[in-house]
Amino acid sequence: MPAKTLRRLLGLLRPFWRGMALAAVLSVLTIAASVGLMATSAWMISKAGLRPSIAELGVSVVAVRFFGIARGGFRYLERLVAHDTTFRLLADLRVQFYRAIEPLAPARLSRYTSGDLLARVVDDVDALQNIYLRAVAPPLVAVLTGGLLTLLFSAFDGLVALTALLCLGTAALATTLLAWNLGRRTGQILTQQRAQLNAELVDSLQGMADWIAFGQTDRRLEALNQQIDSIAAHERRFARLDGLQAALAILFANGVMLAVLIVAIPRVEGIFLATLALATLAAYEAILPLAQAATYLSASLESASRLFDLADQTPAVTDPLSPAAFPARFDLVIHDLTFGYSADAPHLFRDLNLTLPHGQFAAILGESGVGKSTLAHVLVRFYDYAAGHIEIGGTELRLLREEDARRIFSVMSQRTHLFHTTIRENIRIARPDAPDEAVEAAARAAQIHEFIAGLPDGYETYVGEDGARVSGGERQRIALARALLRDTPILILDEATAHLDPATERAVFDTIAHTCQGRTVLIFTHQVRLLDAVDAVYMLANGVLHPLKREKPDSEAAS
Amino acid sequence: MRLTFMATIALSVTGGICLIAQAFALSRIIRQVFLDHAALEEVSGLLLIVGLLVTLRALLGWGAHRTASEVAIRVKADLRKRLLVHLAALGPTYLLGERTGELVTTATTGIDALDPFFRDYLPALFNALLIPLAILLVVFPLDALTFIILLITAPLIPAFMMLIGMAAGALARQQYARLSHLSAHFLDVTQGLATLKLFNRSRYQITTIAHISDDFRSATMRVLRVAFVSAFALEMLATLSVAIVAVEIGLRLLHGGIPFEQALFLLVIAPEFYQPLRTLGAKFHAGTEASAAAERLFAVLAMPLPPRPARAVPIPDRLHLRFDNVTYRYPDSARPAVDQLSFEIHPGEHVALVGESGSGKSTTAALLLRFLAPDSGQITVSGVDLAQAIADQWRTRIAWVSQSPHLFQTTIADNIRLGRPAAPLEDVMEAARLAEAHEFIQALPQGYDTPCGERGLRLSGGQAQRIAIARAFLTDAPLLVLDEMTAFLDPQTEAAVQSGLRRLLQGRTALVITHRLHTIMQMDRIIVLHAGRVVEEGTHSQLMNQAGRYRALVEVFDPVTHAG
C-alpha cells in the first residue's frame, strides 16, 4: 500500500523533475566545493610542510580561494532553484486537490464539516510541498556525493575509496533505517496524541459551563493534566530518538574518517593523509539530512494517502448524460420521496409529499435534527435521491444539469460560509455581475444595510476569517442578503432568523413577503413565531410532512 | 529546570573541548605518519584516543540534546497546565467572548511553537558564545596571527546576522506572512466550497487559485533573490575566513614560521570555530516565531482572575437567596448587564425570570452560579455572602439545566453522570427515567453506551435538554437553575420534556428563565427584568391585570402558546 501511494505521489512530482534535478546537482556541487576547500587546504598545508618553493603552492592557493567562493555561489543558486520549484509544486498541488474535491462537496466531505478537520486536510496539501526538499532530494544528494567522493579517493587508492564508500553507505543506511522504523512509529503516536488533546480541549472548552456548574473543575483539570503529561512522555521518547540521531551523526562522521585514515596510513603517501581525512569529514554533510528525510517521507506518505482516500471517492451527484432543458414553470411537486444518507443509514424521509404552486409562501416546522436542512440539500442536488420524484414545472429534478438545478433554488443555509473579503464581495458572490445598488437593496431587505452603513468602512469592511468579525445575527443577515440578491424562482430560508430579536425578525419577514412577490418562498424553522404571515405550514416529523392548519396554526399540535 | 538547562550548556561545552582535543590528536597522527614516517602500529595509541574522544563526543551530544529537549518539554507541559487552570478560573463567561478554536490553537500549536526556542535557539545562543571562546583560548598561545583573524571575523558573523534580521530578513518574513495568508485563502475557499457551489461559483475558483499562487511565486522569488544574497554573504564570510586562515598558515609554514602539526590543527579547528555561529544564524527565526506565539499566550495568562475568598465560609442548608443591589458590567460593554438588582427567593419557592433578550436574565443566572462575581452588591444565602464560599462547594448545591447543554465526547451514561461520576448505572437509568429520557436512550442501538459529541450521536434539542434534566436528577441538588429552551419541539417531545421538568421542580427551590407561558403559570412568582433591573413582580394574573411590560411580553413573544 505505501509503495502504491509513493508511486502516485512521485507521479505528482514528475512535471517538476527538471527543477528538482537542477537543485539536486547544485546541492551536490555545494558539498563538493566544501570537500574541495578542505581537501586543497589540507594538501596545501601538507605540501608547505615540506618547504617547497612558493611557486609550487600557487595553484593550491588559487584553488582554496575558488572553492571558498564557489560554495557560497552554489548554495545561493541551489536555494533559488529549490524554492522556485517548491512554490510551483505547491500551486500545482492545490489546484489538483481542489479540482478533485470540488465535485465531492459537500456530500462526500460531510465528515469534514467541522472546519478543523478540513484545515488538517489543507495542511496535508501544504505538507506535501516539502516532499522534494526534505524527502526526495537528500537521498539523491547523498548517493551522488558518495559516488563523487569514491571517484576522488580512487585516484589515491582503490581500497581507501572502497572503505569510504562502504562506511558512508553503512552510515547512511543505518541513519535512514533508524529514522524510518523508530521515528515513524513514535511520530505517529505523537500526532495521534496531539489530535486527541486537541479534541479534548475543544470538548472541554465548549462544555466548560457544564463541568464548572456541576462542581467538576478539579476533576476535569486533573484529566487534562494527565493528557498533557502523557504527551510530554511521548515527546520524551521522541527526543531520545532525536538525540540518538544527533549522537550517531557525530559517531558516524568521525568513524568514517577514522576508518579511511587507518586504511590509508600504510597504503597512501603521507602528504595526502590530511586531505583524505578532512575531505571525508566535509562530505558527511550530505548524509546528515537523511535523519530527517525518512520522517518526512513517512509523514508525506500519510498525508498523501489521506488525500488520495479523500479524492478517490465518487461524487454523490453527477450530471445526467442527456440533461433536460431548463424548465419554463416552477411549481414544486415532491412525490413519495424516500431518502437516507447511505444505504444502511435510517431513512430521514419516507414517502414524503409536498405540492407547492409557484409563488407560494410556505413554512416547514420541525425540531432540530429532523431533516429540514437535508431536504434543502436534496433540492439543490447536493445529495441524490433514490426513491420518489421531485418535479419542477413537470421536469424531474434528477434529469437537470446540477448547475441548472441551482439556478432554480436559492438557499440561505444554516452553515453559510463567509469569505475573508469585504461585506460587499461576500454578498456579491451570489451574483458576481450585480451592480452596487442591487447589493445594497438586498442588504436593505435583509435588515442589515443600516448596520453595514454604520461601519467605518461600510460595505468595504473585511469580515475576517469565516466572518470572525461579525456576530451570529449579522452573519445570518449577510447570508440572507446573498440569497435575496440571487434572483431565482424559488427561495429557501433554512433557519434564516434564528439569531434575530423578534422585532428584526418581523421586519425581515415583512420585506421578504413584500419583495418576493411572484417567487416561491419556503421557510424552514424550529421556532413557532410569526407563522401568521405565511400561506401554508407543514410539520416535518418521522420522515413525513404533516400539513398544519393555515391562518392560525393548531395550538394543540404546536405547543 | 534551570539546572537541566545548565547541564545542556555544560555538556555542549565539554563536547567542544573534546573536539579541540580530537583536532590535536588528529594533527599529531598525520604529522607522525607524514613527516616522521611512522607506521600504523606506532600511531595506534593516538588513533584509539581519537576513537574514544569521538565516542565521548557522541555521548555528550546525546546528553546535551536530551537535556535541551527536557527543558522544552517541561516548559510546554507547565504552560499548558497553567493556561487551563487560568481559563477555568476565568470561567465560562470569558470563553463566550473568545473564540474557542483560537484558544485551543494557543494551547496546542501556539505552545508547540515555543519548542524550537527552548530546544534549539537558547542552547545555540550559549554555544555560539562559549565554544568559539574556548577555541580562541587554545589558539591564542599557539598562533597570534590566526587568533587575530578569528577574533576579527567572529563578531562580523553575528553582526551580519543582525543586519539580515533587520533588512532582508524583514522582507523575507513579510513574504512568509503572505505565504501563510495564501494558505489561509486556500483554506477559506475549501471550507466555503458548499457555499460556492450553492451559487454555482465553485469551478471558477480553480483558475483563481492557480493565478494567485503563481503571482505569489513570482513576487516571492523577487524578494528571495535579495534575501538569499545576505545569507550568501554570511556563508561566504565563514568560508572565506577558513580559506584565509588556510592560506595564511600555509605561507608561513613555507618559511618555517609555524610547525606543521600546529598548522594542521589550526586548519582542522577553523571551520569548527565558525560552526556554532552559523548554527545560531540558522536557528535565528525560531526566536522571533516563538515570541509571536508567546504574546498570545501571555495575553490570556495576564487576564485578571476574580478574587478568591481568604477564608472559606460554609454555606447554610436553608436556601434563602437574596440579591442585594447587585451590579455587573461586562468588560467591553458600556452599560451594566444587571444594575442594582435586588430580589429574593424563599426556600422551596419557584420563581420565573422573564424579560426580552438583553434584559439580564442570563447574567443573573451566571452570577448565581458564580460564573461571574458582582462588581458591587451582594448575593447571600440565608445571610452568608456567597463571595465568601468556595465556588465548587456552592455549585454542588445547584442543579443547572441550561438551554443548550454540552454533550461531552463520551457515552450517554457518562454524560448523565457529569455531577456524580461514580454513580452506578441503576441510578443513571432512574434519573433518565425521571427525565423521560430512558425510552429514547434504550431505543438506541448501543443504549446507554452510545457515544455522544462531535464524533458521536447528534441529539436533537429536545433530547439534549432531557439529558440535562437527567443530570440534574442524578446530582439531586436542592436548588434548580433552569434556562428553558425556546426551540420548537414536536408535541410528543414537548410533553415529555414538560413532565420531566415538573417532576424536577418538586421539592426544590427554583429559578427558572423561560419564555413559555405554560411554564410561567406553574411558578409561584414572576420577576420581570428590564435593562438589568426588576420592573414588575407578582403572579401571572396580577401582572396581566397591570397591563405593563409583562403583558406586552406575553403578547409579542409567543403568540401561538398564548393563544393556547
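# Worked exercises on a predicted two-chain model

Buried residues, meaning those under 20% relative accessible area with a 1.4 Å probe and protein chains only as cover (exposed is over 50%, partly exposed in between), make up 57% of the 559 residues in chain A. The model is a predicted one, in which local features need pLDDT of at least 70 and side-chain atom pairs count only at pLDDT 80 or more, while totals for chains, interfaces and linings use all residues. Residues are numbered from 1 along each chain as its sequence is written, chains are lettered from A and ligands numbered from 1 in the order of writing, and side-chain values use heavy atoms, with hydrogens and water left out.

## Exercise 1: overall form of chain A

Task: Determine whether chain A is more spread out or less spread out than a compact globule.

Solution. Begin with the inventory: chain A holds 18 helices and 10 strands, where helices (H or I, at least four residues) and strands (E, at least two) are DSSP runs numbered from the N terminus. The radius of gyration, taken over C-alpha atoms, is to be set against the globule rule of 2.2 Å times the number of residues to the power 0.38. For chain A it is 34 Å, well over the 24 Å that the rule gives for 559 residues, so the chain is more spread out than a compact globule. Next, the C-alpha trace of chain A spans about 115 × 55 × 50 Å along its principal axes. Finally, consider the division of the chain by an automatic or database domain assignment: domain 1 covers 2-311 and domain 2 covers 332-558, and their C-alpha centres lie 52 Å apart.

## Exercise 2: domains and confidence in chain B

Task: Find how far apart the C-alpha centres of domain 1 and domain 2 of chain B lie, and identify the residues over which pLDDT stays under 50.

Solution. The assignment for chain B gives domain 1 as 2-301 and domain 2 as 321-563, and the C-alpha centres of these two domains are 56 Å apart. For confidence, use pLDDT, the predictor's confidence in each residue from 0 to 100; its mean over chain B is 86, and 92% of the residues of chain B reach 70 or more. The stretch sought is residues 559-564 of chain B, for which the model has nine contacts (heavy atoms within 4.5 Å) beyond four places in sequence. Where pLDDT is low, the predicted coordinates should not be read in detail.

## Exercise 3: the nonpolar cores

Task: Name the residues that touch the most other members of the largest nonpolar core.

Solution. A nonpolar core is a set of buried Ala, Val, Leu, Ile, Met, Phe, Trp, Tyr and Cys residues joined through side-chain atoms within 4.5 Å. The largest has 225 residues, and the members sought are Phe409(A) and Ile427(A). Helix H2 (residues 17-49) of chain A gives the most to this core, with 14 residues. A second, separate core of 77 residues includes Leu224(A), Ile231(A), Leu297(B) and Leu319(B). Returning to Ile427(A), its contacts beyond four places in sequence include Val439(A), Ile452(A), Tyr459(A) and Leu485(A).

## Exercise 4: backbone exceptions

Task: Decide whether Arg381(A) and His37(B), two residues with a positive phi, are buried or exposed.

Solution. Most residues other than glycine have a negative phi, and most peptide bonds are trans. Arg381(A) has phi near 65°, sits in the loop between helix H11 (372-379) and strand E4 (387-392) of chain A, and counts as buried because its relative accessibility is 3%. His37(B), with a positive phi of about 50°, belongs to the loop between helix H1 (2-34) and helix H2 (44-90) of chain B, and its relative accessible area of 65% makes it exposed. For the peptide bond, the step from Ala105(A) to Pro106(A) is cis, with omega near -10°, and Pro106(A) lies in the loop between helix H3 (55-101) and helix H4 (116-128) of chain A.

## Exercise 5: the surroundings of Asp392(B)

Task: Establish which residues Asp392(B) is in contact with, leaving aside neighbours within four places in sequence.

Solution. Asp392(B) is placed in helix H12 (residues 391-395) of chain B and counts as buried because its relative accessibility is 19%. The contacts sought are Ile212(A), Gly215(A), Thr217(A) and Asp218(A). Within chain B, Asp392(B) and Arg370(B) are 22 residues apart in sequence and 9.1 Å apart in space, C-alpha to C-alpha. Arg370(B) comes just after H11(B) and takes a positive phi of about 65°, while helix H11 (residues 361-368) of chain B is itself mostly covered, with seven of its eight residues buried.
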